[in-house]
Every structure is written in C-alpha cells, then in structure tokens.
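Please read this note with the model open beside you. The points below run from the whole chain down to single residues.

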Amino acid sequence: MPRGRSLRKDERGIALVMVIWVLALLSLMAASLLAEARVELRRAVNLRERAVAEALAEAGIHIAIARLLGERGGLYPQRWSETLASGSVTLTLMDERGKIDLNEAEPALLAGLFESKGLPSRATKALAAAIVDFRDPDRTPAIDGAEDPDYPPGSGGAKDSRFETIDELLQVKGMTPVLYAEIMPLVTVDSFLPGIDPLLAEIEVLEAVPNIDRAELERFLTLRRKLAPILNVPAVPENAGGNSANRRRANAYSQLQSAVPRRNSVERYFLFEGVTQTAFGISAEAVTLAGARYRRDTVVRVTEDESAPFEILEWRRPQSAN
C-alpha cells in the first residue's frame, strides 16, 4: 500500500477518535447543565412553596384575629383548621394569662416547667436561677445562678432587665434550642402575672406547677372539657336577651373555680379573678397542597379603640414546622 494512502487513513482514524471525545465531552457538559437546571428548578419550586406556606400562615394569623375580635369572651386555648385555596392552616388561639410569665414567675414555677420537660433537678434549679439573674437589675448571682462573669466573653452577659420577647431566653446560660422549642408555646412576657389562670392554661403548663396532685388535676381537666361548650359561647349583653346564657356561663365558671386543684398549697400559683382579658398568643401552622410547611407565632393585644381594635405585641421568630 502506498505510504500517502496509509497516512491519510491514520489521520481519518485520529480525527474520528477526536470527534468521539468531543461528542463525549459535549454530552457530559449537556448532562451537567441539565442536572443543574433541574436542581435550580427544584430550588425555585421549593422557594415558591415556602412563600405560599408563609403567606398561608400570615393569612391564618389574621383569620384568628378576626375570630378573636368577633367572639370576645370564651375559654382558651381554642384550636381549629381552615382550608384555603392554596392549602390549609391549623390555628391555636391562647390567652396569655394561661402561660408562665418569664418576668414575674418565681423560680420554683420556672423550675417546675423545666423539670416537666425532663431536665434533672439540679439543672432545672440552675436554669431557673439563671433566668431570674438575667431579668433582675442587680449583678449579684443567686445560688446556682449566672451573672456576667458566668457568660462567655462577647456574649453580652446577663441583661439585668425584663425580658422583652421570649426569644431572649436563648441568651440565658443553660438554655438550649431544643428546650426552647419545647417551652416556647408555654411561656409569655405579656401576662404580667406571677401565676397562671388554670381555666385558660394548657395541660403542659398545669403539669409544670410544683407538687400538683395528678388525680386532682385530671378531675379538673375532665370538668373543663365538659364545660368548654358553655364557656366558649361569647357573653351576650343582658339587654339583648342574654340573661339565661350568661347565667349558664357564670355557673360553669363557678364550678371550674371550685374544682381547681388545691392540695399541697398549689393554689398560690393560680390567678383568675379581676384580670382584664387583653393579650392573646396565636400560632398558625400552614401546609400547602404540595406539602410545604411553615409556622408563624404572634401575640396580639385587644384594645377598646374601634379604629384600631388590636395591636401586634410581638412577631415571634419564624419557624419551619418540618
């Protein structure tokens, strides 16, 4: 075979190999771009769904406010679900008097809350003392408490003034994000009471009361569930024919007050007379049709001003419900 023809054949073979390599490289590049496009598409869809879930939660908050303003009175907490065009939202409406006030509660009540969440006795006392040291104006640590020298440099130390939001709990020595997430729905800075209203408190709050008798508590909760349909009917003005309904409500409240647990002197933690109902916590857990979740919490104060019947006291840190 002539030498020139052989060289041309070799060149064609090399060219074919190069073409194959180029095609392979282009295929890899195309596959990479396609995969990246799919990731970006999924990311965009997820962002969109999160935005929809957040909007649902915000809508739920305003639905709860409308219900609160339209049905003043009643027994809390109340829970219900709303179905909207883009998904659903589960709402919880709670009177802040049924929660433990971080600024007013004594250390024993705070320690009882932490102990109910499984903390060892020593840890509960230390954390309760640290909260008191964080909020009080002095710089003298309580026994097992924590003042500025006990905090890491640059942390800001103890605040030495009142909690303005419950998120500030995360700054207290000994508090963990896990524990904070568990107790967040049970504490407040807006009741301004040293105790709790047992007619309005969650079961978890009542279980945190030191030395409460469990059998007595169960009887009280059973009666509270039984009377809830009567107590959740808003009070009716007497001039509108509400005498009978109001008498039933008053009788139900009287029964509940008589059934409040009292053994072991736990009534010192209970307050439910002569306090104006003003501040309410609202929790909205939204789920989109695609399954995305978002939770929003806020605290609302009801006012007597018809032009501004409520004000937002606090938007709590947004949380994913996942």
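1. Start with the contacts. Counting those with a separation of 6 or more, 63% join residues 24 or more positions apart. Keep in mind that this is a predicted model.

2. Next, the overall make-up. The protein has seven helices and seven strands. Their order along the sequence is α-β-β-β-α-α-α-β-α-α-α-β-β-β. The protein has 322 residues, and 41% of them count as buried. The exposed area is about 17,700 Å². Carbon and sulfur atoms supply 56% of that area.

3. The opening helix carries a surface feature. Helix α1 covers residues 3–70, and L25 is found in it. L25 has a relative accessible area of 51%. Exposed means over 50%, so L25 is exposed. L25 also belongs to a nonpolar surface patch of about 560 Å². The other members of the patch are V19, V22, L23, L26 and M29. On helices in general, there are 3.6 residues a turn, so residues three or four places apart point the same way.

4. Now the strand pair β1 and β2. Strand β1 spans residues 78–84 and strand β2 spans residues 87–95. The two run antiparallel and are joined by seven bridges. A hairpin of two residues links β1 to β2. Within the pair, E82 stands opposite V89 in β2.

5. V89 comes up again at A284. This alanine sits in strand β5, residues 279–288. Is A284 buried or exposed? Its relative accessible area is 0%, so A284 is buried. Beyond four places in sequence, A284 touches V89, T90 and L91, together with A57, I61, Y294, R295 and R296. A284 and S81 are 203 residues apart in sequence, yet their C-alpha atoms are 9.4 Å apart.

6. Helix α2 deserves a look. The helix runs over residues 107–116. Which of its residues are buried? They are L109, L110, A111, G112, L113 and F114. These buried residues pack against two helices, α3 (121–135) and α4 (177–183). They also pack against strands β3 (100–101) and β4 (187–188). Just after α2, G118 has a positive phi of about 95°.

7. One charged residue should be checked: R135, in helix α3. R135 is buried but has no salt bridge. Where is the nearest side chain of opposite charge? It belongs to D101, 6.5 Å away. Leaving out residues up to four places away in sequence, R135 touches L102, N103, E104 and A105. The list goes on with L110, D160, S161, R162 and F163. Of these, L110 is also among the buried residues of α2.

8. A second charged residue, E216, lies in helix α6, residues 214–231. Its relative accessibility is 13%. Buried means under 20%, so E216 counts as buried. What does E216 contact beyond its neighbours within four places in sequence? The contacts are V260, P261, R262 and R263. E216 and P261 are 45 residues apart in sequence. In space they are 5.6 Å apart, C-alpha to C-alpha.

Definitions and conventions. Residues are numbered from 1 along each chain as its sequence is written. This is a predicted model: local features need pLDDT of at least 70, side-chain atom pairs count only at pLDDT 80 or more; totals for chains, interfaces and linings use all residues. Side-chain values use heavy atoms; hydrogens and water are left out. Buried means under 20% relative accessible area, exposed over 50%, partly exposed in between (1.4 Å probe, protein chains only). Helices (H or I, at least four residues) and strands (E, at least two) are DSSP runs, numbered from the N terminus. Contact means heavy atoms within 4.5 Å. Two strands pair if DSSP finds at least two bridges between them. Patches are made of residues with over 30% relative accessible area and no salt bridge: like charges are joined within 9 Å, nonpolar side chains (Val, Leu, Ile, Met, Phe, Trp, Tyr) within 5 Å. Accessible areas come from the Shrake-Rupley method with a 1.4 Å probe; for residues, only the protein chains shown count as cover. A salt bridge is a side-chain nitrogen of Lys or Arg within 4 Å of a carboxyl oxygen of Asp or Glu. Lys and Arg count as positive and Asp and Glu as negative; His and the chain ends are not counted.
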